[in-house]
Structures are given as structure tokens and as C-alpha cells.
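I opened this model to look up one strand and its neighbours, and then one pair of helices. My notes follow in the order I checked things.

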Amino acid sequence: MASQGTKRKRDHESSDSSIETTLTTDVIMENARQILQRVTKISDLIDKGSRKKATIGIFGKSGEGKSSLLSAIVGKKELLPSGCFGACTAVVTQVEANLDDSNYTAEIELFSKEEWENELKEAFKDIKDESEERNEDLIEIAVEKITALYGDDADQKTLEELQNDEKFTEIETFLSVSKKIISNSNLSEFTNEAASFIQHSESSSGDWFWPLVKSVTIKIPDCHKLLEHIVLLDLPGTGDCNKIRDDLWKTKLRECSSVWIVSAINRAITDRDPWGMLKHCIEELGPGGKCKSINFICTKTDDINLGAYIRSARLPRDQIPEDKDQKKTCILHRNEHAKTRVKEKFENSEIKKIFNTDNQFQVFTVSSNAFFDNSLNLESSETEIPKLQDDLRNLNKSINIEFTREYVNKAKGVLSLIHSDQLDNDKKVMEMKVIEFKKNLKESLIELEKYFKSIYKDLEQHLSKGVEESVNSCVASTKKLIASNKEGRGFHKILRALCKNYGCYWSKNWDVVLDLNKSLAKHLHKNIYDDFCKIFPVTGKTEKSVQEQTDKFSIIQSDSAYPRSDILHHIHNFIKIEETKLKAALNRDIVDKKKDIYSSIQITIVNEMASCYQQAAAVRGTGSMKKMQDLLINTVDQKKEDMFEKAKTEVLKKFNHFKMDIKSTLENELQETIERSHTQTSKKKWMDVSREIEELERLLDHLSD
């Protein structure tokens with residue numbers, strides 16, 4: 001025993017010295033892992049890959065500087081070729097850290113052979129449409145896809161001729177795999193190899209594979225401090241009527257915990273498109289998602305016409321230096337003016353009223369060119385790229401700290417339970433304590449059920465009111481939305497595209513956005529909005545929030561009938577840690593379930609209207625627009641009572657399933673925790689782990705600091 005004690009003392013001393021080194025989260029995690037392994041031989045308590053990353057959604061048209069912005073943020077000039085974002089399809093592109101090796105990697109998800117064949121048939125149908133109803137936007141997109149992939153004049157062929165082409169066979173073979181991986185340690189070679197999958201070129205046709213791509217994930221080495229726990233996600237707006245891409249786009253949208261709106265500074269105030277994109281998606285981001293903040297990023301600040309700006313801004317001559325600082329002075333003056341105007345626009349916008357960001361709205365004025373090029377006469381800090389990098393580092397660090405704290409707490413819980421084994425315990429007291437824990441669990445579940453019943457009743461009342469308002473107004477709102485006077489003589493083309501895309505249409509430039517499903521869901525969403533924001537707040541907690549109830553839930557009560565003792569202290573410690581870990585997992589699950597509940601209204605409406613949309617999209621010939629309009633209006637009128645009642649029922653059903661999942665998870669996991677605390681204390685292993693627990697507590701103190 002003496003030799004063992006000496007050995008353990010040496011272990012402890014070496015561990016103490018390691019704690020005195022620079023304590024990054026990685027060092028703390030490794031120290032905790034070693035402490036745990038030294039005692040239990042367990043090394044991995046948490047699967048790091050199981051944690052979802054924070055997603056930052058980036059809105060902005062092609063040409064606004066998104067590619068240059070992201071290249072500057074990760075410090076890799078021309079990592080992303082200009083135009084790789086916003087190619088004419090809705091390819092979802094995301095950038096994250098490569099945590100596996102030192103290569104640049106692109107994971108490219110492809111359409112299946114069958115999916116591409118269906119897309120190709122639709123593209124040729126659009127191109128060959130000679131009727132008055134032909135939609136020029138859809139034709140342009142179809143031509144771009146076909147010529148990009150198959151070469152010049154491929155759009156002039158028939159589908160049958162194209163299928164007999166040698167290139168067609170190559171593409172079919174190419175699509176025999178669902179994912180393509182590109183990996184290279186050389187940045188230039190990687191960019192060249194990946195370009196054909198993420199970039200659109202109007203100057204050369206053929207062998208550009210982006211039409212076959214659903215999504216691209218680009219992984220960058222040496223940037224774990226920026227992006228270890230963060231994904232930068234491009235959210236392109238497009239008139240493409242591909243439902244697979246559209247569904248993927250909406251799913252990704254609901255994952256965003258933050259949004260960046262990107263617009264060139266000279267159009268930041270006047271350009272409606274980025275604001276239109278955000279407004280159209282606001283429900284998926286706010287009540288139907290988890291977005292906590294919005295950044296408006298004005299790009300290309302170094303691009304300025306000095307004479308024109310001095311005249312338009314009416315800058316006094318005495319404020320303008322005559323030397324090389326003149327351009328810098330004008331740039332910084334315009335930057336401050338843009339920040340003020342953008343903030344004013346946001347404060348007065350409908351977005352501010354709908355989406356409560358708790359003042360988490362910032363404006364950045366950035367120059368990606370000047371960040372890399374010192375000759376443009378801006379200090380690095382004046383490009384504001386470092387400010388965005390600091391924002392990302394701080395977010396990444398806070399996630400890392402929470403992740404590390406969860407790991408160390410779990411290790412402490414394991415050792416607390418082991419330590420309780422070593423203490424003398426009264427078997428009868430322990431059995432009575434287990435009975436008390438089980439009683440507390442039962443009573444807490446009863447209280448939680450009361451809460452859920454109250455919430456269910458409120459939701460049902462508000463949904464019923466929403467159903468009534470929807471039934472009364474849906475026909476009129478449908479007529480208004482699909483009225484032909486919106487875009488003059490060409491509206492029948494927009495209407496057909498809306499039907500083809502199952503009730504939603506947005507033009508390539510987002511200047512026209514029509515969503516019949518969202519319009520039909522409007523009153524149901526409006527009536528549950530206030531309650532939904534209280535039940536599932538995006539930031540913080542409310543008295544009515546589910547998170548508040550789960551955080552209060554505990555099987556440890558302060559008015560215990562049993563006197564405090566060392567063994568009960570360690571058992572309580574173990575249970576508290578297990579409860580904290582369980583609540584953290586539940587709170588992540590609550591966000592996902594919330595999105596399912598909220599989106600179920602619109603999904604139900606789409607499903608009810610789907611056959612009508614298909615029929616309307618197939619209508620051709622003289623008077624086709626009137627026929628499409630009548631079909632849509634009559635279907636809404638015929639289905640209205642049943643459709644909105646189904647939407648209400650679906651919300652309540654999903655909420656009920658959500659309640660049952662929360663309760664059963666709490667009951668099953670805490671029941672197992674009680675059993676573990678009881679069975680473990682009945683064993684005797686005689687291992688003193690008090691020092692290790694103290695070491696873990698010091699690690700937790702460092703995390704708090």
C-alpha cells in the first residue's frame with residue numbers, strides 16, 4: 001500500500017505541474033482526460049463529432065464580394081474563386097475547418113443519376129417551350145446548366161440527341177457515386193481542381209460540373225481557432241425550380257445561429273435584394289429557427305470615386321487632406337455614414353419588428369483587397385476584417401469552453417461516484433435516499449406535465465383563432481397574391497414557375513418574391529408568434545419557456561429529511577453533474593424540435609396543395625393564366641377548413657410528441673442515474689480519488705476565469 005501511495009503522489013505532483021502550464025481549452029481537456037484515464041482507464045467520455053457546430057448564414061448576390069470576404073477572413077487570398085458563390089443554381093456551399101489533416105478539402109454532394117435525368121427533362125421542357133407562357137428566367141437557367149456541362153450549342157439539341165452524345169455517357173458514369181472528394185495540400189492546385197464544381201463561367205462552356213452539385217463543403221487547414229466549432233454557409237437566392245435544392249436550402253437555413261448580409265457599400269442602402277432575401281426567410285431564422293444575431297457587411301470599401309464622393313457628400317475642403325491620405329479620409333467618412341444609415345434602416349424595418357435580436361445587430365465596413373494589399377493605404381484594422389475574425393474567434397472560444405466544461409464536469413461526476421465508494425455509509429440511509437430520489441423524480445414529472453398541459457391549452461386556443469382567420473381570409477389573400485397586375489403581361493410566366501416550385505417563386509435577383517404557402521400560413525403563424533417566442537426564445541429564457549422548466553427540474557431537493565454527510569455530498573455532486581449534462585443535451589434537442597413544430601404548418605399546407613400545384617403547372621394554351629388562377633383559388637376554397645385544421649392538428653401532435661420525448665428522457669436517464677448511484681456505493685474498491693477531484697475542480701475554475 002505504501003508503494004502505491006508513493007506512486008499516486010508522484011502522479012499527482014506531475015499533474016499539478018501540468019496545470020501550471022498555459023491552460024488552453026485543449027490543455028484542460030487533455031489534463032482531464034489523463035486524470036480520468038489514470039484512475040478508470042476511460043479516456044473518451046464525449047464524442048467530439050456529436051456536437052453540432054454554430055452555423056453562420058451568408059446572404060448576398062453574386063458579385064457583392066462574398067468570395068473575397070471569406071478568403072480574407074480565413075487569411076487565404078483567392079481561396080475561393082470570384083463567382084464561386086451565387087452560381088446560377090442554388091448550390092449550398094459551406095466553409096469550415098479541416099480538423100483531420102493539413103489538406104484543403106472539398107466534399108461535393110452530387111445528384112443521383114435519376115435526379116439529374118429528371119432535372120434535365122425539365123430543363124429541355126423549358127427550353128423547347130414555344131408558347132406565350134414561356135418563362136425567360138427558367139429558360140436562361142436551363143441553358144446555363146446544359147451548356148456549362150455539355151458545351152456550346154448543347155441547348156440546341158434535342159434531349160434524345162444529347163443522350164446519344166459521348167459526353168452524356170461520361171456524366172452518367174460520373175454520377176455513379178453520390179459524393180466526390182477533392183483534397184490537396186497545395187492551395188493553388190486545390191482551387192483549380194475544385195473550380196469546376198463551384199464556379200460558373202460565361203466565357204467558356206463544357207466541363208463545368210456545378211449543375212450536378214447539391215452542396216459543397218470546403219474544409220480549410222490551420223484555422224481551428226476561427227472555425228473549429230463554426231460553419232460559414234452561403235445561402236444563394238435563385239429562381240431555380242429544383243425542389244431537392246430548395247428543401248436542402250430551407251433545412252440549412254433553420255440551422256443558422258447568426259446571419260451576415262453582404263452588400264457592396266455603394267448599394268448597401270438602396271439595394272433591396274439583401275433585405276428582401278432576409279425578410280423572406282425571417283420566419284425560418286427567428287421563431288422557426290435559432291438565429292441570435294445579424295451582421296450587415298458592407299464590402300468593397302476601397303472602391304471609391306474620390307471626386308464624385310467629395311461632391312455628393314459635400315465634404316468641406318478643410319477636412320480633406322491634399323496628400324495620399326485623401327482617399328483614406330473619404331473611405332472612412334463613407335464607412336461611418338453607411339453604418340449610420342444601415343442601422344437606421346434596420347431599426348425602421350419590418351425585420352426588426354418580426355425578429356427580436358436583443359440589439360444583436362452590427363454593421364461592418366470591410367475591404368478584402370486592402371486587407372491583403374498594403375498599397376491601398378488602409379491599416380489592417382481599418383479594413384475591419386480583423387474585427388470579424390475576432391467575432392469568430394470569440395464565438396469559437398465560447399463554444400470550446402462550454403464543450404470543455406461539459407467534459408471536465410462529466411469526468412468529475414465519474415470520480416465523485418468512485419469517491420463515494422470509499423466512504424462509510426449506512427445501508428438503510430442509502431436505501432431511503434434512493435426512495436427519496438425516486439419520489440422527487442415522480443413529483444417533478446407531475447409538475448412538468450402540468451406545465452405542458454397549460455402550454456398545450458394556450459397553443460390550441462391561439463391555433464384555433466388562426467384557423468378561423470385563415471378560413472375567412474385565405475381566398476382573398478390568394479386572389480391578391482396571384483393577381484395578374486403584379487408584373488404586367490409577363491405574370492403568367494411567374495405564376496407557372498410558382499406552381500412548378502410548389503407554391504414559391506423568387507426571381508434570380510430576388511426583386512420578385514411570391515410564396516403562396518407562406519401567405520396561407522400567415523394567420524396561424526401570427527397567432528402563435530408571441531406564445532412561441534416565450535415557449536422557445538431564441539436567446540435567454542422566460543418563465544414560460546421549456547428551457548426554464550428543464551433547468552429547474554431536479555431530483556435533489558433542499559429540504560431532504562436526511563442529514564448531510566460526506567457520502568451524500570459526493571452522490572449529490574454526481575447527480576447534479578449528470579442532471580447538468582442531461583439538460584444541456586435536452587436544450588440542444590429542444591431547438592431542433594422547435595423548428596419541426598413551427599415549420600409543420602407550412603409543410604402541411606404544401607402537402608395539401610401539392611397536387612393542385614402540379615395540375616396548374618401543366619396547364620397550357622389560350623387562357624392558361626386564368627385557368628391556373630381559378631384552379632389555385634378553387635382548391636384553396638375547397639380545402640380551406642380541412643387544410644388549416646390539419647395544420648393545427650399537426651402542430652399539436654408534434655408538440656405532444658415533443659412533450660413525451662422530454663418527459664421520457666428525463667425519467668429514463670435520471671432513473672438510471674439513481675440506480676448507478678445506489679449500486680456503485682454498495683461496492684468497495686478502496687481507491688482515493690479526492691486529489692483528482694480537486695484537480696478537476698481547479699480546471700473548472702480556470703475555465704470560469
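I began with the two faces of strand E1 in this predicted model. On one side I found Ala 54, Ile 56 and Ile 58, and on the other Thr 55, Gly 57 and Phe 59; all are buried. In a regular strand, side chains alternate between the two faces of the sheet. I then took the strand as a whole: E1 spans residues 54-59, and 6 of its 6 residues are buried, so by the cut-off of under 20% relative accessible area E1 is mostly covered.

Next I asked which strands pair with E1. Strand E6, residues 230-234, pairs with E1 in the parallel sense over 5 bridges. For Ile 58 I noted Asp 234 as the bridge partner in E6. Strand E7, residues 256-264, also runs parallel to E1 and is joined to it by 5 bridges. There I noted Val 259 of E7 as the bridge partner of Gly 57.

I turned to the helices. H2 (residues 25-40) packs against H23 (residues 690-704) at an angle of about 165 degrees, and their axes lie 11 Å apart. Because angles over 145 degrees count as such, I logged H2 as roughly antiparallel to H23. The crossing of H2 with H23 is left-handed.

I listed who makes the contact. H2 supplies Thr 25, Ile 28, Asn 31, Ala 32, Ile 35, Arg 38 and Val 39. H23 supplies Glu 692, Glu 695, Leu 696, Leu 699, His 702 and Leu 703. I sorted the residues of this H2 and H23 contact into 7 nonpolar, 3 polar and 3 charged.

Methods: Residues are numbered from 1 along each chain as its sequence is written. This is a predicted model: local features need pLDDT of at least 70, side-chain atom pairs count only at pLDDT 80 or more; totals for chains, interfaces and linings use all residues. Side-chain values use heavy atoms; hydrogens and water are left out. Buried means under 20% relative accessible area, exposed over 50%, partly exposed in between (1.4 Å probe, protein chains only). Helices (H or I, at least four residues) and strands (E, at least two) are DSSP runs, numbered from the N terminus. Two strands pair if DSSP finds at least two bridges between them. Axes are lines fitted to C-alpha atoms, for helices over the stretch in contact, and angles run from 0 to 180 degrees between N-to-C directions. Angles under 35 degrees count as roughly parallel, over 145 as roughly antiparallel, 65 to 115 as roughly perpendicular and the rest as oblique. A crossing is left-handed if the near helix is turned anticlockwise from the far one by less than a right angle, and right-handed if clockwise. Contact means heavy atoms within 4.5 Å. Ala, Val, Leu, Ile, Met, Phe, Trp, Tyr, Cys and Pro count as nonpolar, Asp, Glu, Lys and Arg as charged, and the others, Gly among them, as polar.
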